[in-house]
Amino acid sequence: MNFEMVFDSDKGFRKEELKNIAFVSEHNVLVEIKYVGICGSDFFYMNKYRGENLRLGHEWVGVVKESNSLNFSIGDMVTSTATWGCGKCAECLIENENQCLDNIVLGSEKIGMLRTQCVIDEKNLILLEGFTLKSAALLEVAAVGHKIACKAKIEGDDILILGAGPVGLLSAISLKEQGLDPLLIDVEPNRVERAKKLGIRAKILGETLLLKTKYDVVVDCTGDSNEKIGGWKYLPYFVRPGSYCLIVGHYEKACQFDSHLFGKFALRVEWLKGISGNEYKNSITFWRGRLENYTNDLITGYFKLEDVSEAYKFASNLKKSLKTLVEL
Ligand SMILES: [Zn+2]
Ligand SMILES: [Zn+2]
């Protein structure tokens, strides 16, 4: 049976049969989902959501089962960005579908990839070559990490990354692979140790505060979901005049500006909003031959699709989980 797991804010996940999946119209492709990564932003959406039909899952990889497109053949490994553009607006025409105001978000009431199969328009599909399925499952988060790294390195050499979760780690790995030496900090000792094992310079937050070092760039990959404290309020301790701050993690509570403090440092603060198809494709070229070396260390758990509640429970434990995958 083809099915999906749908989230209800009162009752948790339920299994729902997928009907009419066999019909693949022109320019469409039927994809069998193989892995779906659990992401920190899923918790943000689950905690905010009030309703019965939230469909999660935006980090995914699958294999083409049937194709009505000249660009994809049966057996091809494929994925997509986390947003599917309308295909018509000015942003979509230059593959900036993350900026399309009429886009479909994976992880909304409309669609998520916690499902066995999906019919997808070819314009939303990305062909993956030169990856194993497991490392391909990390590509979305690796693409976000690579985008962060590319933005950060333009702004200076002294780069601080707050939060040693998958996004923080992959940003640091991308920077390292490009010859830079960022500092990655976290409050969780296990996460710091894990980062060090991956060859990243990493420290505990408290220790770093005592050093009073200032940075050209501060990237906040923390957010405040699941009772996390969030790196936002520590920004003023790490900046010098003109520093650039990139906010990546999701905040459920308000991020308050102390306008005097921020004015004093003339800080430039930017929020990251996903990645476009072009950025995703560029990052695939970057990670090919590289991501494989980190894959086993980054994945800390596998769960069946039916056991997705367990998967989320495990993923919320920051001591144990780094990237938890749903395996089909
Ligand atoms: Zn994600
Ligand atoms: Zn559009």
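**Core and domain contact in the predicted model**

Val308 touches Met5, Phe13, Leu114, Phe303 and Val326, leaving aside residues up to four places away in sequence. The model here is a predicted one, and Val308 is a handy way into its interior. Along with Leu160, Val218, Val219 and Val326, Val308 is among the residues that touch the most other members of the largest nonpolar core, a set of 84 residues. Helix α4 chips in the most to this core, with 8 residues. The core isn't confined to one domain, either: at least three of its residues come from each of domain 1 (3-138 + 291-327) and domain 2 (142-271). In soluble globular proteins, nonpolar side chains tend to be buried together.

Helix α4 itself runs over residues 139-155. From first C-alpha to last, its 17 residues reach 24 Å, close to the 24 Å expected at 1.5 Å a residue. Most of α4 is covered, with 13 of the 17 residues buried. Right after the helix comes Gly156, which takes a positive phi of about 155°.

As for the two domains, the assignment puts residues 3-138 and 291-327 in domain 1, and 142-271 in domain 2. Their centres, taken over C-alpha atoms, sit 27 Å apart. Where they meet, domain 1 puts in 16 residues and domain 2 puts in 17. On the domain 1 side, α1 (40-48) and α11 (292-298) each supply at least two of the touching residues, and α1 gives the most, with 6. By type, that side of domain 1 splits into 8 nonpolar, 4 polar and 4 charged residues.

Definitions and conventions:
Residues numbered from 1 in each chain as written. Chains lettered and ligands numbered in written order. Predicted model: local features only at pLDDT ≥ 70, side-chain atom pairs only at ≥ 80, totals over all residues. Domains from an automatic or database assignment. Contact = placed C-beta atoms within 7 Å. Helix = DSSP H or I, 4+ residues; strand = E, 2+ residues; numbered from the N terminus. Nonpolar A, V, L, I, M, F, W, Y, C, P; charged D, E, K, R; others polar. Expected span 1.5 Å × (residues − 1). Buried ≥ 20, exposed ≤ 12 C-beta atoms within 10 Å, placed from the backbone. Core = buried A, V, L, I, M, F, W, Y, C linked by C-beta atoms within 7 Å.
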